[in-house]
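Work through the exercises below with the model open. Try each task before you read its solution.

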Amino acid sequence: MTRPLPHREPAAGDPQALTDFCPGILHAVPAKDGMLMRLRLPGGVLPPATLAAIAELAARHGDGHLDLTARANIQLRGIGPAQLKPMTEGLARAGLLPSASHERIRNILVSPFAGVDPDEHIDLTGLAQALDRALIADAALAQLPAKFAFTLDGGGLGFDPGGADLTLTAVAPDRLHLSLAGQPTGLGTAPDAAVALLIRAAHATLVVAQSHDLPARGRSIGRVPAAYDEFRTGLAAKSCSVPAPRQSAPGFGIVAGTLLPVVPLGRLSSAQALALADAARQFGFDMRLTPWRNLALRGVAAGDLPALTATLASLGLSLDGRDGFAGLAACAGSAGCAAALGDVRHDARRFAESVASTAPTAGWAMHVAGCAKRCAMRGPAVVDLIATQNGYDVLFDGVVALTGLAPDEALAAARTAYRTKALQTP
């Protein structure tokens, strides 16, 4: 059993405290609604017992919800000062804190279809677990920024990995290509040497960043030609073909035999999470966290599909996206964040209710943000609503179109864009 570890705040002299204010289990950060923790689950692997344990702890010591993130992690909010210790100890007992020093750098995203996608070159689930062990075993890599992220892509269905610092993408059954913050390096490795390459690359980011006085992030190094050349040269890796562009898989529905229910605004109540854990035991499927802020239910028997679909519907989790929440993201808003200038979760739900029963369209995405930091944003959107002191600013395809709108006016503009997108979709 994992020994419970005490909660601690980033202390003076902690290198991560100097550069990151990013939550973890031992690094809870204050918010308007209480303390906030982020749980890393490398590869997104989420056994039913783990989900149930997190749900019970959220109900007992937090606000009773699990927030699913775009990096396939889980956040817990509303933790009071007296609840920090029991929450931390409970998460440690659940096996979610294997390393105090490395807990915030265990950001490893893998396709939620890994192992079930017939078109992938390699199932990289095992590689994610091996990389996690290697990170924890390397004391120097505890210096990585807390937002430093790895993506492992088996080369099948696209899953929009976004801006990971280091990405390995399978281009053949025996070859993986390395990218730095989405920028192809033209270097690669065989699968049995993949962990070693990623560890070397992570060390290289620290060394190159220090020598060029840059943040130790892939995008920072990639923007400076001399730093990028130094990073690439120091890896001593063989050349490799660059992955071909792929369209990302839909974030909901049934894809490659995997059920992807829409989780409204990426928030599961403890009761919903416990029910999903029970369903996983009953129907025998496994679960993965996804970059679409939902869960992938994998290995569902065809005969169980009607009963499981009915169970999901009873929990308010739609497979067809007709609840209006498909592609819709919102930050915590004024209910949970002191910086927010609007109750954006409330307004996002109002939008979803207003378009419910309408079939969502391909490529639809909408973000509702409480301030200019736009914490809900994970990629381009058809519509962005950004709360300001004067009301909502409305962006269409990233371009400011309207400013200072009242909530009802902003939602009306978003509905018009939603319907226009529907008309444009074949």
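Three exercises follow, each with a worked solution.

This is a predicted model: local features need pLDDT of at least 70, side-chain atom pairs count only at pLDDT 80 or more, and totals for chains, interfaces and linings use all residues. Residues are numbered from 1 along each chain as its sequence is written, and side-chain values use heavy atoms, without hydrogens and water.

**Exercise 1.** Describe how helix 4 packs on helix 5.

Solution.
- Locate the helices: helix 4 spans residues 125-137 and helix 5 residues 194-211.
- Take the geometry: the angle is about 45°, and the axes lie 10 Å apart.
- That makes the pair oblique (not under 35 degrees, over 145, or 65 to 115).
- List the contacts (heavy atoms within 4.5 Å): L127, A130, L131, A134 and L135 of helix 4 meet A194, V195, L198 and I199 of helix 5.
- Sort by class: nine residues are nonpolar, none polar and none charged.

**Exercise 2.** Is S111 buried or exposed, and what does S111 contact?

Solution.
- Place S111: it sits in the loop between strand 5 (108-110) and helix 4.
- Check the area: at 6% relative accessible area, S111 is buried (under 20%, 1.4 Å probe, protein chains only).
- Follow the side chain of S111: it reaches the backbone nitrogen of F113 at 3.0 Å.
- Leave aside neighbours within four places in sequence: S111 then contacts L152, L157, F159 and R288.

**Exercise 3.** Which residues of helix 3 are buried, and what do they pack against?

Solution.
- Helix 3 covers residues 84-93; its buried residues are L84, M87, T88, G90, L91 and A92.
- These pack against strand 2 (34-39), helix 2 (48-61) and strand 4 (74-79).
- Look past the end: G95 follows helix 3, with a positive phi near 85°.

Note on methods:
Axes fitted to C-alpha atoms, helices over the stretch in contact; angles between N-to-C directions. Helix = DSSP H or I, 4+ residues; strand = E, 2+ residues; numbered from the N terminus. Nonpolar A, V, L, I, M, F, W, Y, C, P; charged D, E, K, R; others polar. Buried < 20%, exposed > 50% of the residue type's maximum accessible area, 1.4 Å probe, protein only. Polar contact = N/O pair within 3.5 Å; in protein donor to acceptor, adjacent residues only side chain to side chain.
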